[in-house]
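Here are some notes from going through the model, mostly on how the helices pack and where empty space is left. Have the viewer open as you read.

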Amino acid sequence: IENYDMAINAFAHMNQNKIIDAQRQNIVSKEYLNFVNSMKNGVKTLDIKLIDKKKNFTNSTEVCFLIGFPRSGTTLLENMLKAHSRIETLEEIPVISRLFSSQNFSSFSDILNLSSKEVFNIRNQYLELTQTKKVENGVIIDKLPLNIVNVAEIIRIFPNAKFILVLRHPMDCVLSCFMQNFNPNDAMCNFLDLKDSAVLYKN
């Protein structure tokens with residue numbers, strides 16, 4: 001009904017209440033932004049070409065990662081893809097970040113230095129945690145937009161992995177995230193302020 005000022009004020013009020021909730025839960029949005037920047041700096045020092053794509057890949061399951069930015073259309077695309085009989089989709093399960101946060105790497109380059117056995121074990125843990133170990137001769141689509149931050153780790157563990165990058169106009173993504181009533185966590189709390197949302201998108 002073109003009442004834009006009232007609408008944006010309502011979203012701002014909703015998010016202000018979310019900020020209070022996040023503070024009660026000791027959630028700090030800047031921690032996620034710092035994490036994104038540290039990953040960015042780490043990737044700059046990493047030579048992805050050093051990863052041998054023919055080595056250490058013994059599982060017949062093919063994994064495809066659906067990445068992008070929240071509210072970019074990943075769910076719509078996932079719903080279309082999962083209609084295929086040989087496609088198994090995973091929706092919003094942060095397995096990759098959990099697996100790598102448990103590895104206690106001292107530096108980003110430790111990803112390259114993983115032994116064949118460590119790679120095999122991490123890959124099997126992934127397949128077990130996602131309950132997709134029995135999917136053979138098919139494709140797993142792991143849909144978690146913010147896995148875009150973990151591409152280097154993904155390539156190390158699944159060197160033959162494919163990626164679908166979903167793009168939507170940045171202004172649409174940022175505004176849509178600001179309008180969305182996400183459950184609060186350190187990543188989603190960046191969307192409680194329009195400027196913070198834009199900064200996270202930029203990084």
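1. Starting with helix 1 and helix 7: these two are oblique to each other, because their axes cross at roughly 60 degrees and anything under 65 but not under 35 gets that label. Bear in mind throughout that this is a predicted model. Helix 1 covers residues 4–24, and its axis comes within 9 Å of that of helix 7.

2. Who touches whom there? On the helix 1 side the contact is made by Ile8, Phe11, Ala12, Met14 and Asn15, and on the helix 7 side by Leu175, Phe178 and Met179. Sorted by class, that contact has seven nonpolar residues, one polar and no charged.

3. Helix 7 (residues 170–179) also packs on helix 8 (residues 194–202), with the axes coming within 9 Å and crossing at roughly 135 degrees. That angle makes helix 7 oblique to helix 8. If you care about handedness, the crossing is right-handed.

4. The helix 7 residues in this second contact are Pro170, Cys173, Val174, Leu175 and Phe178, and they meet Leu194, Ser197, Ala198 and Tyr201 of helix 8. The contact of helix 7 with helix 8 divides into eight nonpolar residues, one polar and no charged. Leu175 and Phe178 are worth clicking on, since they turn up in the contact with helix 1 and again in the one with helix 8.

5. Helix 8 has another neighbour, helix 2 (residues 29–44); here the axes come within 10 Å and cross at roughly 20 degrees. The two helices are therefore roughly parallel to each other, and the crossing is left-handed.

6. From helix 2, Lys30, Tyr32, Leu33 and Val36 meet Asp196, Val199 and Leu200 of helix 8. By class this contact has five nonpolar residues, no polar and two charged. Lys30 and Asp196 are both in that set, so they are the charged pair by residue type.

7. Now for the open space. The largest pocket holds about 1,000 Å³. Its lining runs to 36 residues, and those nearest the centre are Tyr32, Pro94, Leu144, Leu146 and Ala187. Helix 2, helix 3 (74–81) and helix 4 (95–101) each put at least two residues into the lining. The lining splits into 15 nonpolar, 14 polar and seven charged residues.

8. The second largest pocket comes in at about 320 Å³. It has 19 lining residues, with Gly68, Phe69, Ile148, Tyr201 and Asn203 closest to its centre. Helix 2 and helix 8 each give at least two residues to this lining, and helix 2 has the largest share, with five. By class, the count is 14 nonpolar, three polar and two charged.

9. And how many cavities of 30 Å³ or more are there? The count comes to one, with about 50 Å³ of space in it. Its lining consists of Asn15, Lys18, Gln180, Asn181, Phe182, Pro184, Met188, Cys189, Phe191 and Leu192. Six of these are nonpolar, three polar and one charged.

10. A few residues to keep highlighted: Asn15 lines the cavity and also sits in the contact of helix 1 with helix 7. Tyr32 is among the residues nearest the centre of the largest pocket and takes part in the contact of helix 2 with helix 8. Tyr201 is among those closest to the centre of the second largest pocket and belongs to the contact of helix 7 with helix 8.

Key:
Residues numbered from 1 in each chain as written. Predicted model: local features only at pLDDT ≥ 70, side-chain atom pairs only at ≥ 80, totals over all residues. Heavy atoms only, no water. Axes fitted to C-alpha atoms, helices over the stretch in contact; angles between N-to-C directions. Helix = DSSP H or I, 4+ residues; strand = E, 2+ residues; numbered from the N terminus. Parallel < 35°, antiparallel > 145°, perpendicular 65-115°, else oblique. Left-handed = near helix turned anticlockwise from the far one by under 90°. Contact = heavy atoms within 4.5 Å. 1 Å grid on protein atoms, 1.4 Å probe; cavity = no way out; pocket = protein on both sides within 12 Å on 5 of 7 lines; lining within 4 Å. Points joined across faces, edges and corners; volume = space filled by probe spheres on them.
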